[in-house]
Each structure stands twice: as C-alpha cells, then as structure tokens.
Amino acid sequence: MSRKKTYSIMAAAGAVALTLSACGGGGSEAGGGAEGGSTMRLALNQTEQHPSYITLTDFSERLSEATNGWDIKVYPNETLGAQQEALQLVSDGSVEMAIVSGTQLENLNEDFKVFNLPGVFESIDHQMKALNDEEIVGELFTSLEDENITVLSGGFTQGARSVYNSKHPINTPEDMNGLKFRVQESDIAQEMIRRMGGSPAPMAYGEVYTALQSGVIDGAENNEISYLTQKHNEVAKYFSYTEHLVGIDYMIINTDVLESMSDKDRKAFQQEWERTVEDFTALWKKQTKEAHATLEEEGAQFNEVDKEAFEEALAPIVEENLDNKAQRELYEATKAAAE
Ligand code: GCU
C-alpha cells in the first residue's frame, strides 16, 4: 500500500503557462492518437552539455524514424520550470515528459523513498539492474497513474553524490558542523545532511549557483558532472568524496499520451527508451572521468573522507524510514539484486 501526500500546485503556474504558450507553434500537439504521433515536450533542468540532454536528443531522432510521427523536443535549463513544476505540468498534460530526480517522486508516493536511501544501491550497475527489473519496480512505477504520470523502467543514474563547499575540505561529519548545504526538496535529503553533520537548505537546482555565490548557503551535494556543468566549482572549490548516495533520475510521461500511442509505436518507444538508458549509462561513466580532470584543471580540490564515520552517521536512516511492509519488501528485493 502506498501512502500519498497531497501535492501542492506551484504558485508560479501562471508564469509557466505563459512560457509554454510562448514556446508553442510548429508541430502538432501531443496526443495525436493511433493514426499518428506528434512532438512531445520534455522538461529538463540540465544544460546541453549534460549526458541527459545528449542522449535524449538521440532518443528523439531514433523515435521519429521508428514510429509514425512521434518525437521529442527537449527544453533544457529549467526553461519549462524546475522539477517540482515539471512534475505538475506532466500530471496536468501541459507538458508531455520530464526528467525528475527520485526525491521529487518521494513527495507523491512515499514508497519511492526506498530508492533515495543511502546505501540502497551499491553501484551504478546494481542500480540499473534493480530499476530495470519489472518484478521489483513494476507496481511502484505505475502507482502514479491516478495522477496521470507513468514512470519508465530504468532511468538515468546520478552516480554517487558527494558534498562540496566554499569553506574547507570535509573529512568527518564534525567538519560539516555549522555549514549550510543545499539539498533537493525532500525529507530524506534533509535528514541525510543533518545526520552527516550539516544544516540542510532545500531549494531548486537552478538556484544553487547564486545561493553559493551570495553565501546564502556554504555548500551542496551532487555528482562531478552536475558540479561542473552547473559551474558550482567556481563558487565552492572543496569537493569531498562522501559518496553518500547513488541517486536516480526518472523519465516520466503523461499516462494519457503514452496510452494514445498505437501498440506498434509504444513498443518502439519502449525499445528506444531502453537503448537510451544504456547509452546514458555508458556516457555517464565516460563523462564522469572527464569532468574530474577538467575540474582539477579549473582548481577544484578533491579529497577522500573518513567513509566509516559517514556510514555510521547515516546507518539509522534506513531502519527509521522503512515504514511499511511494501517499503521493506522493495528494499530487500533491491538489495538482493546486487548478489
Ligand atoms: C542531479 C540530478 C538532477 C537533480 C539535481 C539536484 O543533477 O541529475 O535531476 O535535479 O541533481 O540536485 O537537484
């Protein structure tokens, strides 16, 4: 059984509606029906250099060849709104697709938080194996269809997330005392930073650079690719490898739109999506290495941390957050997939 929280509609709905009407024009609207598809708009909060933008653009090209008229226009850099807004827009059908972080779905169905717990995934390969396994994720990923949102199997890994800040290297949880770290907008994300010794400040991804620059926050936590593509290294040069979480981004699509595809197109869509996930994972690993080298050249200071101290600090989160049988089963099945 999943417990759902009420999702509050963003205050900025009017502004986003304006943006959407401004980007209209050209191409037919999504939901073209069995006789032919259309261009689906996809909300993304990453830059054009991020592996998600690159692989989604290829996905669109293959889709238009493999289907009767379906393709995707990717809007990067939060042009259609930050992830919380994007979630709402997909739900009400104003936008057809979005990439959203796992933390966002935790706010719609708490069972998703199982995949946002520290240590649940041992590696990217383990994460991909579990999230591509229908037996594990099937029920969860269709659980938002009442809200008109379908989550596609797999997803885009966020790799291991670590902390970075503008003050000094972090070696132990004590080093985080007194520092404010931006976190994603979820309870687990906040609790995690508290347990690690810092103070959490939830905010949207696109606001982090300015908040770091102005000193509203001292640090944030993310992977090397986001650290580089968002240019956070310019304003927070100490990157400490806490690797507290292997995060996940989900592909969500408006359920009505998905169901309006002909059987043949839907099958092709699923096939091309699976290939996109594979392409993404390969590109992710390559770009992570490249990002590290570029960041070092640009002056970022990397350090290893006392991993045991952080693991110990975070250990209680798992037990305290598996609230019901469904969540415990999901957790156990996921852990078992590592073997
Ligand atoms: C990563 C992730 C995004 C997420 C971001 C964040 O970059 O891929 O989906 O929004 O972290 O910290 O908000």
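**Cavities, a pocket and two buried residues**

Hi everyone, let's start with Ser226, which counts as buried because its relative accessibility is 2% (buried means under 20% relative accessible area, exposed over 50%, partly exposed in between, with a 1.4 Å probe and protein chains only). What we have here is a predicted model, in which local features need pLDDT of at least 70 and side-chain atom pairs count only at pLDDT 80 or more, while totals for chains, interfaces and linings use all residues. Residues are numbered from 1 along each chain as its sequence is written, and side-chain values use heavy atoms, with hydrogens and water left out.

Back to Ser226: you'll find Ser226 in helix α9, residues 224-229 (helices are DSSP runs of H or I, at least four residues, and strands are runs of E, at least two, numbered from the N terminus). The Ser226 side chain makes a polar contact of 2.8 Å with the side chain of Tyr205. By polar contact I mean a pair of N or O atoms within 3.5 Å; within protein, one must be able to donate a hydrogen and the other to accept it, and residues adjacent in sequence count only if both atoms are side-chain atoms.

Tyr205 takes us to the empty spaces, as Tyr205 is one of the residues nearest the centre of the largest cavity. On a 1 Å grid over the protein atoms alone, a cavity is a set of points where a 1.4 Å probe fits but cannot get out; a pocket is an open set with protein on both sides within 12 Å along at least five of seven lines, and lining residues have an atom within 4 Å of a point.

So where does the largest cavity lie? It lies between domain 1 (12-158 + 248-288) and domain 2 (160-246 + 290-336), because both give residues to its lining; those bounds come from an automatic or database domain assignment. Its lining has 22 residues, and strand β5 gives the largest share, 3 residues.

The second largest cavity is lined by residues including Ser101, Asn116, Gln158 and Leu245. Here β9 gives the most, with 3 residues.

Now the second largest pocket, with 16 lining residues; Glu243, His244 and Glu311 are among those nearest its centre. Helix α12 contributes the most to that lining, 6 residues.

Last stop, Asn165, in strand β5, residues 156-165. Asn165 is buried, with a relative accessible area of 0%. Its side chain reaches the backbone nitrogen of Lys167 at 2.6 Å, and a polar atom of that side chain lies 2.8 Å from the backbone oxygen of His168.

Thanks for listening!
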